[in-house]
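Please examine the sequence and the model shown below. The paragraphs that follow lead from single residues to the protein as a whole.

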Amino acid sequence: MSSLAMAILLNGMNRAEIARWTAAMIASGERMDFSSLSRPTADKHSTGGVGDKITLPLAPLVAACGAAVPQLSGRGLGHTGGTLDKLESIPGWRALLSNEEMLSVLDEVGAVICAAGDGLAPPTRSCTPCATSPAPSRPSR
C-alpha cells in the first residue's frame, strides 16, 4: 500500500482513474441506505487535523437544522489521536455501532459519530495514514 501511495504522489491520477478507484472502493463492501430516515442526510468530511474543531460542533448544529449527519470518524491520527480515540475516553461512549444502531440514533437525534463497521469499504482498513505513512498527495494531474 505504501508503494501505491508513493506512486500516486509521484505520478498523480487523472479524473477517470480517481472515478474508477472511488467506484471500486464503494463496491467493495456494504452500502448504508438512509432512505428510511425522516430527514435528508448531509455529509461532513475532513482530511483530519489537530483538535477536532469541526466535527463535534458541526454535526449537532446541522442536525438541529433538520438534517441527519452520519459521521464516520477515525482513530490514531498521529500525535493528536483520532476523534474516536478522544470520544472513547468518555465513560459509556462507544464507537462501534451496528448499522441498525447507527440508523436508530440518526432517526432519533439526527447525528451520530461512530466508527465505520468492518463491512463498509474494507480496503480502507489497509490504507490509513497510520498504516502507510504517506507523503502529501496531489492525485489530480
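A residue is called buried when its relative accessible area is under 20%, and exposed when that value is over 50%; residues in between are partly exposed. The model under discussion is a predicted one. In this model C114 has a relative accessible area of 1%, so this cysteine is buried. C65, by contrast, counts as exposed because its relative accessibility is 69%. The structure holds zero disulfides.

The overall plan may be considered next. The protein contains six helices and two strands. Read from the N terminus, these elements follow the order α-α-α-β-α-α-β-α. Of the 141 residues in the protein, 25% are buried. A further value describes how parts of the chain meet. Among the contacts between residues at least 6 apart in sequence, 71% join residues at least 24 apart.

Helix α3 offers an instructive example. Which residues of helix α3, spanning residues 55–64, are buried? They are T55, A59 and A63. When the helix is viewed down its axis, these buried residues fall within an arc of 55°, so they line one face of α3. This buried face has several partners: the buried residues of α3 pack against the strand β1 (69–72), the helix α5 (99–109) and the strand β2 (111–114). On the face of α3 turned away from the buried side, one finds the exposed residues L61 and A64. The two faces of the helix can thus be described separately: T55, A59 and A63 are its buried residues, whereas L61 and A64 are exposed on the face turned away from them. After α3 comes G66, which has a positive phi, near 105°.

The surface completes the description. The protein exposes about 8,900 Å², and carbon and sulfur atoms supply 60% of this area. What makes up the nonpolar surface patch of about 260 Å²? The patch is formed by M1, L4 and W21. Of these residues, M1 lies in the segment before α1, a helix that covers residues 2–11. M1 counts as partly exposed, because its relative accessibility is 42% and the partly exposed class lies between the limits of 20% and 50%.

Notes:
Residues numbered from 1 in each chain as written. Predicted model: local features only at pLDDT ≥ 70, side-chain atom pairs only at ≥ 80, totals over all residues. Heavy atoms only, no water. Disulfide = S-S within 2.5 Å. Buried < 20%, exposed > 50% of the residue type's maximum accessible area, 1.4 Å probe, protein only. Helix = DSSP H or I, 4+ residues; strand = E, 2+ residues; numbered from the N terminus. Arc of directions from axis to C-beta. Contact = heavy atoms within 4.5 Å. Areas by Shrake-Rupley, 256 points an atom, 1.4 Å probe, with all protein chains shown as cover. Patch = residues over 30% accessible without salt bridge, like charges linked within 9 Å, V, L, I, M, F, W, Y side chains within 5 Å. Salt bridge = Lys/Arg side-chain N within 4 Å of Asp/Glu carboxyl O.
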